[in-house]
Amino acid sequence: MGGKMGKLTRKEFVAGAMAAFTAPAAFAAKGEKAMKEIELEKLPYAEDALAPVISANTVSFHYGKHHAGYVKTLNGLIAGTKYEGLPLVEIVRAASADGNAAVFNNAAQTWNHTFYWNTLAPEGKGGAPSAALVQAVEAAFGSLEACKAALADAAVKRFGSGWAWLIAEGGKLAVVSTPNAETPIVRPGVTPLAVVDVWEHAYYLDWQNRRADHVKDVIGRLFSWKAISDRFTAV
Ligand code: MN
């Protein structure tokens, strides 16, 4: 009885102490926590801006449901964990190193999709590759057309869901593809420059099984060579 009483008293004391000494801190932490949630970054154009290659309907589902879903799931998974409050890239890398598949998949998909939307621009608004990028492209592939063909080939040959990437590594350009949520940002020294999403959700509403035709038009008509050149400059 005395023991139980003591326990309760101690519990009450602890609760009281917590309320008295940590309430302002807890309040601040709560506000901070809300601000540290990973956000769904805004599209850099209107939902119908990529049509007819990618319809507003596809963007509506792809961005509004798939991409937004990854962000929401990620925030649920990381709340109260060591990942909470980290920049998105750090969450991707830490979850990869930890073998935390759920956090990795949702964090990487969040990052990959933001990168994808910003790889694209409305047709005619993508600009041209910089002289420095053209030089690197020619050194690696022979020509810009050969670079586009290599990326398209990687995108078409990716079995199942995944991504095809143009990357810079050690100043040299290369094409790689990754399955599912895998992303080159987990590899030290690799800078992604462009990406094509070849999950079926990226093209099935508009192109059904014609992945090759979709990929060719995404690369040929929607790539933002300005954005890609800016990423290359930052290497
Ligand atoms: Mn996607």
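In the counts used here, Ala, Val, Leu, Ile, Met, Phe, Trp, Tyr, Cys and Pro are nonpolar, Asp, Glu, Lys and Arg are charged, and the others, Gly among them, are polar. By that scheme, the lining of the largest cavity divides into two nonpolar, three polar and two charged residues. The model is predicted.

Start with that cavity. A search of the whole structure finds one cavity of 30 Å³ or more. The largest cavity holds about 30 Å³ of space. Its lining consists of Glu41, Lys42, Pro44, His67, Thr114, Trp117 and Asn118. With three residues, α4 gives the most to this lining.

Now turn to the largest pocket. About 220 Å³ of space lies there. Glu41, His67, Thr114 and Asn118 line the pocket, and these four residues line the largest cavity too. The rest of the pocket lining is Ile38, Glu39, Leu88, Thr110, Trp111, Phe115 and Arg231. Here the split is four nonpolar, four polar and three charged. Helix α4 spans residues 101-119 and gives the most to the pocket lining, with five residues.

Next, step back to the whole fold. The chain has nine helices and three strands. Along the sequence the pattern reads α-α-α-α-α-α-β-β-β-α-α-α. The chain has 235 residues, and 40% of them count as buried.

The largest nonpolar core has 61 residues. Ile54, Leu120, Leu173 and Phe223 have the most contacts inside this core. Helix α4 appears again: with eight residues, α4 gives the most to the core. Domain 1 covers 56-117 and domain 2 covers 131-233; the core draws at least three residues from each.

The metal site comes next. A manganese ion is coordinated by His62, His113 and His201, each through NE2, and by Asp197 through OD. The coordination distances run from 2.0 to 2.1 Å. In sequence, the donor residues are spaced H-x50-H-x83-D-x3-H. Histidine 62 and histidine 201 link distant parts of the chain, 139 residues apart. Histidine 62 sits in helix α2, residues 56-78. Histidine 201 sits in the loop between β3 (190-197) and α7 (204-207).

Are these two histidines buried or exposed? Histidine 62 has a relative accessibility of 1%, so it counts as buried. Histidine 201 is at 16%; the cut-off for buried is under 20%, so histidine 201 counts as buried too.

The loops deserve a look of their own. Take the one between β2 (172-179) and β3. Asparagine 180 lies in this loop. Asparagine 180 has a positive phi of about 50 degrees, although it is not a glycine. At 43% relative accessibility, asparagine 180 counts as partly exposed. Isoleucine 185 is found in the loop between β2 and β3 as well. Isoleucine 185 is buried, because its relative accessible area is 4%. Which residue, 92 positions away in sequence, lies 7.6 Å from isoleucine 185, C-alpha to C-alpha? That residue is arginine 93.

Glutamine 208 has a positive phi as well, about 50 degrees, and is not a glycine. Its place is the loop between α7 and α8 (211-222). Glutamine 208 has a relative accessibility of 34%, so it counts as partly exposed.

Phenylalanine 159 belongs to the loop between α6 (144-157) and β1 (162-169). Buried or exposed? Phenylalanine 159 has a relative accessible area of 79%, and exposed means over 50%, so phenylalanine 159 is exposed. Serine 177 is 18 residues from phenylalanine 159 in sequence. The C-alpha to C-alpha separation of phenylalanine 159 and serine 177 is 9.8 Å.

One backbone detail remains. Alanine 51 and proline 52 are joined by a cis peptide bond, with omega at about 5 degrees. Proline 52 lies in the loop between α1 (2-35) and α2. That loop leads to α2, the helix of histidine 62.

Conventions:
Residues numbered from 1 in each chain as written. Predicted model: local features only at pLDDT ≥ 70, side-chain atom pairs only at ≥ 80, totals over all residues. Heavy atoms only, no water. Donors = N, O, S within 2.8 Å, 3.2 Å for Na, K, Ca; no water. Helix = DSSP H or I, 4+ residues; strand = E, 2+ residues; numbered from the N terminus. Buried < 20%, exposed > 50% of the residue type's maximum accessible area, 1.4 Å probe, protein only. 1 Å grid on protein atoms, 1.4 Å probe; cavity = no way out; pocket = protein on both sides within 12 Å on 5 of 7 lines; lining within 4 Å. Points joined across faces, edges and corners; volume = space filled by probe spheres on them. Core = buried A, V, L, I, M, F, W, Y, C linked by side-chain atoms within 4.5 Å. Domains from an automatic or database assignment.
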